[in-house]
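Here is a quick walk through one structure, aimed at someone who would rather look at residues than read statistics. Have the viewer open as you go.

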Amino acid sequence: MWAETRGRPPPLFSVRSTGGVDVTIVGSGPNGLAAAVICARAGLSVRVIEAQPTPGGGARTLPDPEFSGVLHDVCSAVHPLGVASPFFAEFDLAARGVQLVAPEVSYANPLPNRAAAIAYRSLDRTCAELDHGQSWRRLFGPLTEHPDGVLGFFLGDKRSLPPDLPTTVRTGLRVLAQGSPAWGALRGEDARALFTGVGTHAISRMPSPVNSGAGLMLGTVAHTAGWPVPVGGTQVIPDALIADLRDHGGELITGEPVTSPPDGVVIYDTAPTALLDIYADTVPSRYAKALRRYRFGPGVCKIDFVLSGEIPWRDPRVGASPTIHMGGTRAQMALAEREIAAGRHAERPMTLAALPHLVDPTRIDAAGRRPLWTYSHVPADSPADLTETVTAMFESAAPGFRDLVLATRCVPAAKMAQHNANYVGGDIIVGGATLFAALVGPTLRLDPWTTPIPKAYLCSSATPPGTGVHGMCGYYAARTVLKREFGITDLPKLAP
């Protein structure tokens, strides 16, 4: 584990007065910072309080404790929505000096005893290399022609009429078809694995509308904007948000847990259940009962590798992909996700991997060392160290992989909350991998970013539109707060 959290207990929330500001944001993840930027640009005084020493929540980068020139991304490493998200599109990271480099290969899926499945930014090239590329074209062709409509469907507030109704209908029908027991009409083992691997980002039993929705949204982005990697590490994204916040008079405090309610209006970029600890007996009884029923999902075992050179993949095409889905075939991935959902460790756990140095040479240190980022799906609260399991999976797809490993850093699911209190039991989706959560939110409320607690709001990925570094949960929460608390109906411009 990195020096920031090694040996520390999970952060709690401690008493702090925040008088003198209009809005306090608790938590500095991308959603909290998005809400903070919007409120500050609307002319309000804003303070962000973060329990960890480093801001960014799920978008942080820290040096390896032994090889300081190697940087590990603490949670997210590749950012499909860093350009495509409506919030980030308007905020314009590129204009703020953030380089997001989208590779020619968006993602790859090694397969046993045959060539890998590869998703290129080019839909034509992807279809040409699949066994039955026409079925892939039928699925994604109409969506890639209208990517804004697809994103409007998935990243909308689920309470407004989507702007592109034909694309909404087209996308919705595909979600239902691919999320049904029939698994849609994709033909070919490679195409089916390619789609399923993307769907497993949702970390839930499959097939389901949640998995198929993730696959369709991320797959559409893969063939349009691509899956970019931020040069210098994920930390550059929150850093850009924080710079804008400060430019508009906002304040950031780190290393300060919050355990009692701050003064005034508060927006929580936290797990919904954190409100039970912060507000204690003042939480309305019905809401407290709903929060106690809130269920988190499976966890992840995070393993960061330090490698001495390039991975010798059996299929050399995989070597051009910064994102790899190490799940095997569709059947293998589905079995693994069922095992995890049932509380059992999978023999071959679904493992997501990233090699950011392939498009960001700054991630290679002077001695040629470079990071390999991996997440493996495990049951909630699992204490298991899967380093050997994951190493064996890579060795199978790339003989000689073991010889490249200089160091490994494992964070079991049971310890994930040490570097992000939202990741209860290792659940990086904060309980949001259900259709109810994606559409309704953590509890049954007309406006899911509100709570029945006066002046308390939620903006974490437990609220719609759910998980991902897109800032849209924070955007919608800020919109609600500005209107309800300050009578501001026109949102500020976000461009530099």
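What follows covers a helix pair, one helix and its surroundings, some backbone oddities and the cysteines.

Keep in mind that this is a predicted model.

**A helix pair**

Start with helix H5 (residues 133-144) and helix H9 (residues 209-222), which pack at an angle of about 65° with their axes 10 Å apart. The crossing of H5 past H9 is right-handed. On the H5 side, the contact is made by Leu139, Phe140, Leu143 and Thr144, and H9 brings Gly215, Leu216, Gly219 and Thr220. Sort those residues by type and you get 4 nonpolar, 4 polar and no charged.

**Helix H10 and what covers it**

Next up is helix H10, residues 236-247. Its 12 residues reach 16 Å from the first C-alpha to the last, close to the 16 Å expected at 1.5 Å a residue. Which residues of H10 are buried? They are Ile237, Pro238, Ala240, Leu241, Ile242, Asp244 and Leu245. Their cover includes helix H1 (30-41), helix H3 (86-91), and the strands S2 (46-50), S8 (229-230) and S9 (251-254). After H10 comes Gly249, with a positive phi near 85°.

**Backbone oddities**

Two peptide bonds leading into prolines are worth a look. The bond from Met206 to Pro207 is cis, with omega near 0°, and Pro207 sits in the loop between helix H8 (189-199) and H9. Pro464 and Pro465 are also joined by a cis peptide bond, with omega at about 5°. Pro465 is found in the loop between strand S16 (456-458) and helix H16 (472-486).

Then there are residues with a positive phi that are not glycines. Lys158 has a phi of about 65° and lies in the loop between helix H6 (147-155) and helix H7 (165-178). Trp183, with a phi of about 60°, belongs to the loop between H7 and H8. Are these side chains buried or exposed? Lys158 counts as partly exposed because its relative accessibility is 29%, while Trp183 is buried at 15%.

**Cysteines**

How many disulfides are there? The count comes to 0. Here are two of the cysteines, neither of them in a disulfide:

| Cysteine | Nearest cysteine sulfur | Distance | Relative accessible area |
|---|---|---|---|
| Cys39 | Cys459 | 9.3 Å | 0% |
| Cys75 | Cys301 | 14 Å | 9% |

Cys39 is buried, and so is Cys75. Since a disulfide needs sulfur atoms within 2.5 Å, the 9.3 Å from Cys39 to Cys459 leaves Cys39 in no disulfide.

Terms used:
Residues numbered from 1 in each chain as written. Predicted model: local features only at pLDDT ≥ 70, side-chain atom pairs only at ≥ 80, totals over all residues. Heavy atoms only, no water. Axes fitted to C-alpha atoms, helices over the stretch in contact; angles between N-to-C directions. Helix = DSSP H or I, 4+ residues; strand = E, 2+ residues; numbered from the N terminus. Left-handed = near helix turned anticlockwise from the far one by under 90°. Contact = heavy atoms within 4.5 Å. Nonpolar A, V, L, I, M, F, W, Y, C, P; charged D, E, K, R; others polar. Buried < 20%, exposed > 50% of the residue type's maximum accessible area, 1.4 Å probe, protein only. Expected span 1.5 Å × (residues − 1).
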